[in-house]
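Please look at the sequence and the 3D structure together, and keep both in view while reading the report that follows.

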Amino acid sequence: DTAPIGMRAMPLSGGSSRFRGSMEWFSGSGSANRRSVDGSRRGSLDSGGEGSPRSKGMQTGLSVRVGGTSTDVAAKLKHKQAQEQLEGADEETAIREKTESWQLSVEGIKKILKICRASEDQQDFWSVFEDVVLHRVMVQQTDPEFEEPRDHRLSLSTDLRRLELYVALSDGPALEEVSKTLLSELQLPQVEIDAGLLQMKRAFDICIDSRQDSCNRPTGVGLWCRLDGMDSQAPTIDVGFRIEVAKNEFRGQLEWSGIDMLLPPSEEKDAVLDFAMNESPQVPVTCITGSLLPMEPELGIEFELPSGPNLAVQGLLFFKTLSFAMPADDVLHAIVSSRPWGGCVQMAFGPHGLRRVGLRLLRPESWRVDELAQGLNKDNRKKDIARCSKALAASQHRFFEYAAEGDGYSVSVGYCR
């Protein structure tokens, strides 16, 4: 057997015309040279080293509570302290904390993989990820002085072909240690392990500015895994890192020159960085992501959209800048009328250019996923998604995402803090 170890790049073809600030795209005028998503560019699963990763027999009864509480004594004490702190909070905040609970459990993910009909290789890969990464989080959870990160998140496409999980870790050293162990357990050659870790180090260097007056420091780190093409003839896997640098009144944003040097050269990168820098105010990059696997690894960035009534519109302007065709009216309406609380634009680049761009909308006042999936002619397995929510003990979804990839558009729903 051979172990699938990465995803080929899925570059998006099209023109490189750029747009600035106007709303012509939404009124139907503007350039005719629009980018389309070509299904013929679908990536395939490549094979690498010998031996499929196998489960190491991790306990399956453990779980990580996200936004809620666990059952050990230390967690109960934390919960009591949290309740005392909430006494002075308004009712809306308290309700939000309660309803955003979900459970990242080993058994829950296994149920989801079964519902999604993940391939045998994908399930083997998950067994290793669960054993190495989740085990680390659960061991930390037993430490009474450990403050568990609460920003784990999981997303599922409405057709259940794609699952992406992000597991937050405590700090940079923990990220490096767990990454080394994971890549070793996946039986990658040492030279390829070193290459993945070097890419992560380069990203860290961008996030830690050498200037003495800078306050830039990573505010969140972790590992993500992605299972794509489930229940299809071309299943794929990928795993990588995520480094966040939150922007607030005490912190600056990441340096544009550093981001430009980190990402592979492409016209799409130039266009989107130019657009973000020239917006007023600028749209900051607050996160860097990257693949740790050797097959055409990706590097990604995340733009934090400013809150306000035009948040969704500004997110769509990134698609316009990249020369994508204007969405159909029903798709446009579903996105703009959702009135999200927050949002971001995520972009991933491979060696051959843009691989994926997605608009993630957090806590929308109006849930428009059914309308969005219908407008894009995407399968929407609502009953099975409800089963997945039950497996995660989730009260509701917290975000949805509209994305363009090498094989078309996609719609996803997700769970987060």
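## Terms and model

Helices, of at least four residues, and strands, of at least two, are runs assigned by DSSP, and they are numbered from the N terminus. The model described here is predicted.

## The barrel

In this model, 10 strands close into a barrel, following the order 5-6-7-8-9-10-11-12-13-14, with antiparallel pairing. On average, and with direction ignored, neighbouring strands of this sheet are turned by 20° against each other.

One pairing can be followed in detail: strand 6, which covers residues 163-169, runs antiparallel to strand 7, residues 220-228, and seven bridges join the two. Within this pairing, leucine 163 has leucine 227 of strand 7 as its bridge partner.

## Helices against the sheet

Helix 7, made of residues 190-207, packs on the sheet and touches strand 7, strand 8 (236-244), strand 9 (285-291) and strand 10 (299-304), while its direction makes about 25° with that of strand 8. Helix 10, residues 311-321, lies across strand 10, strand 11 (342-350), strand 12 (353-362) and strand 13 (399-405), and it runs at about 175° to strand 12.

## Leucine 305

Between strand 10 and helix 10 there is a loop, and leucine 305 is found in it. Leucine 305 counts as buried because its relative accessible area is 5%, and the limit for that word is under 20%.

Leaving aside residues up to four places away in sequence, leucine 305 touches Val283, Leu311, Gln314, Gly315, Phe318, Gly343, Cys344, Val345 and Leu359. For one of these, glycine 315, which is 10 residues away along the chain, the C-alpha atom is separated from that of leucine 305 by 7.0 Å.

Definitions and conventions. Residues numbered from 1 in each chain as written. Predicted model: local features only at pLDDT ≥ 70, side-chain atom pairs only at ≥ 80, totals over all residues. Heavy atoms only, no water. Pairing = 2+ DSSP bridges. Axes fitted to C-alpha atoms, helices over the stretch in contact; angles between N-to-C directions. Contact = heavy atoms within 4.5 Å. Buried < 20%, exposed > 50% of the residue type's maximum accessible area, 1.4 Å probe, protein only.
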